[in-house]
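Here is a short, friendly tour to read with the model open beside you. The points are grouped by topic, so feel free to jump to the part you need.

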Amino acid sequence: MERPVFTFGIIADIQYADIDDGLNFLRTRRRYYRNSLQLLRNAIQSWNEEHVKPGFILQLGDIIDGYNKNYEASDRALETVVSEFNNSSIEVHHVWGNHEFYNFSRKTLFASPVNSGAPAETGSSLIGDGIYAYHFSPAPKFRFVVLDAYDTSIIGRDPSSEKYNTSMKLLKEHNTNPDLNIPPVYKGLDQRFVKFNGGFSQEQLVWLDEVLSLADQKHEKVTIVSHLPVHPNSTDPVCLAWNYDAMLSNLHSHKSVVCFMAGHDHDGGYHRDLSGIHHLTLEGVIETSPDSNAFGTVYVYEDQMVLKGNGRISDRNLKYP
């Protein structure tokens, strides 16, 4: 096969904490809090040993676990994981998930090492106004967009803010449980209306529309990344973004979009929609047993992306629409 234009690494839901193994929220899956660091090491070692090192890594959110907050260990845990990433010279693009917001305020995250959207030589730039979304071009004719899936949420916003109040109202319209982390019963896609999810503000959707319109004009191929998946067939409904339908409508109105990558659903998922867009939900490191792995390397060509998975991650050929 021809040489790829570039390659990149992907990994999701590391959720490191220096605590013993535990169970997920529904108490149906084991979580390997300490060992997630070893699986990250495995991934970084593999990327460092590639014949041609990946140009960058996409870290799809939930870099440390919310339990760290209980033990006042958030800063230490983040430092531990970031130092592992620093064992490689490969640039990392960080997505923010719900566990980032369990540990830190939005203001703290913007000042932290997981803010990879600060203006850089790549030409990336944040939207501003407290929204963590930006785009970058690793090679001519290719663009990546990092989205903020907790732009509208009750965990990523200050309780005195309009976005918080709008989000709380929306949640309670669809979810009558006293504990809003418990999904509405027998409600199909309405199960997405839980506290640990969120959505995209109109401001962010308009910004994305503008970015994609420019990409259409330049004949670029765009991959979008978000912590939350946006296609119902690529995830369990309990992990879906609140206004996934508005996002899909946006994506389908632009010929430049080829792939949407997400984390959050630790079981992973995949769907190619009617527009030919690949919706890839990456399996989570946190629920991957110590004898396996959960990371991938993507080889980008002119006509397709080829995902070479490790452990729980399947190989996939993602041909462009």
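One open sheet is built from 6 strands in the order S6-S7-S8-S9-S11-S10, with mixed pairing. Please keep in mind that this is a predicted model. Another open sheet of 6 strands runs in the order S5-S4-S1-S12-S13-S14, and its pairing is mixed too. The notes below go through these sheets, then the cores, the empty spaces and two buried loop residues.

**The sheet from S6 to S10**

- At the edges you will find strand S6 (134–139) and strand S10 (269–272), each of which pairs on one side only.
- From one strand to the next, the twist averages 15°.
- Strand S7 (residues 142–146) runs parallel to strand S8 (residues 221–225), and 5 bridges link the pair.
- To see one of these pairings, look at Val146, whose bridge partner in S8 is Val225.
- Helix H8 (residues 244–252) packs on this sheet and touches S8, strand S9 (257–262) and strand S11 (278–281). The direction of H8 makes about 150° with that of S9.

**The sheet from S5 to S14**

- Strand S5 (91–94) and strand S14 (316–319) are the edge strands here; each has a single partner strand, so one side of each has no neighbour in the sheet.
- The twist in this sheet averages 20° from one strand to the next.
- Strand S1 (residues 6–11) pairs with strand S12 (residues 294–300) in the antiparallel sense, over 5 bridges. Phe6 has Val300 as its bridge partner in S12, while Thr7 has Tyr299.
- S1 also pairs with S4, this time in the parallel sense and over 4 bridges. In that pairing, Ile11 stands opposite Gln59 of S4.
- Helix H1 (residues 35–49) packs on the sheet, where it touches S1, strand S4 (56–59) and S12. Its direction makes about 25° with that of S12.

**A closer look at S1**

- How many of the 6 residues of S1 are buried? The count is 6 of the 6, so the strand is largely enclosed by the rest of the structure.
- Both faces of S1 are covered: one side carries Phe6, Phe8 and Ile10, the other carries Thr7, Gly9 and Ile11, and all are buried.

**Nonpolar cores**

- The largest nonpolar core has 83 residues, and Phe8 and Leu251 are those with the most contacts inside it.
- Beyond the residues up to four places away in sequence, Leu251 touches Leu208, Leu212, Ile224, Val230, Val257, Phe260, Ile277 and His279.
- A second core, separate from that one, has 7 residues, including Tyr164, Met168, Phe193 and Trp242.

**Pocket and cavity**

- The largest pocket has a volume of about 900 Å³.
- Which residues lie closest to the centre of the largest pocket? Of the 32 that line it, they are Asn24, Phe25, Leu26, Arg31 and Phe196.
- Helix H2 (67–70) and helix H4 (98–103) are the elements that give two or more residues to the lining of this pocket.
- A search of the whole structure turns up 1 cavity of 30 Å³ or more, and the volume of the largest cavity is about 30 Å³.
- The largest cavity is lined by Phe142, Arg143, Phe144, Lys221, Val222, Thr223, Val258, Met305 and Tyr320. S7 and S8 are the elements that give two or more residues to this lining.

**Two buried loop residues**

- Arg192 sits in the loop between helix H6 (162–174) and helix H7 (202–217). Is Arg192 buried or exposed? Its relative accessible area is 9%, and buried means under 20%, so Arg192 counts as buried.
- Apart from neighbours within four places in sequence, Arg192 is in contact with Asn197, Pro237, Val238, Leu240, Ala241, Trp242 and Tyr244. Trp242 also belongs to the second nonpolar core.
- Ile155 lies in the loop between S7 and H6, and this residue is buried as well, with a relative accessible area of 13%.
- Ile155 and Asn98 are 57 residues apart in sequence, yet their C-alpha atoms are 7.1 Å apart in space.
- Setting aside neighbours within four places in sequence, the contacts of Ile155 are Asn98, Phe101, Tyr102, Tyr150, Lys195 and Phe196. Phe196 is also among the residues closest to the centre of the largest pocket.

Terms used
Residues are numbered from 1 along each chain as its sequence is written. This is a predicted model: local features need pLDDT of at least 70, side-chain atom pairs count only at pLDDT 80 or more; totals for chains, interfaces and linings use all residues. Side-chain values use heavy atoms; hydrogens and water are left out. A nonpolar core is a set of buried Ala, Val, Leu, Ile, Met, Phe, Trp, Tyr and Cys residues joined through side-chain atoms within 4.5 Å. Buried means under 20% relative accessible area, exposed over 50%, partly exposed in between (1.4 Å probe, protein chains only). Contact means heavy atoms within 4.5 Å. Two strands pair if DSSP finds at least two bridges between them. Axes are lines fitted to C-alpha atoms, for helices over the stretch in contact, and angles run from 0 to 180 degrees between N-to-C directions. On a 1 Å grid over the protein atoms alone, a cavity is a set of points where a 1.4 Å probe fits but cannot get out, and a pocket is an open set with protein on both sides within 12 Å along at least five of seven lines; lining residues have an atom within 4 Å of a point. Grid points are joined across faces, edges and corners, and a volume is the space filled by probe spheres set on the points.
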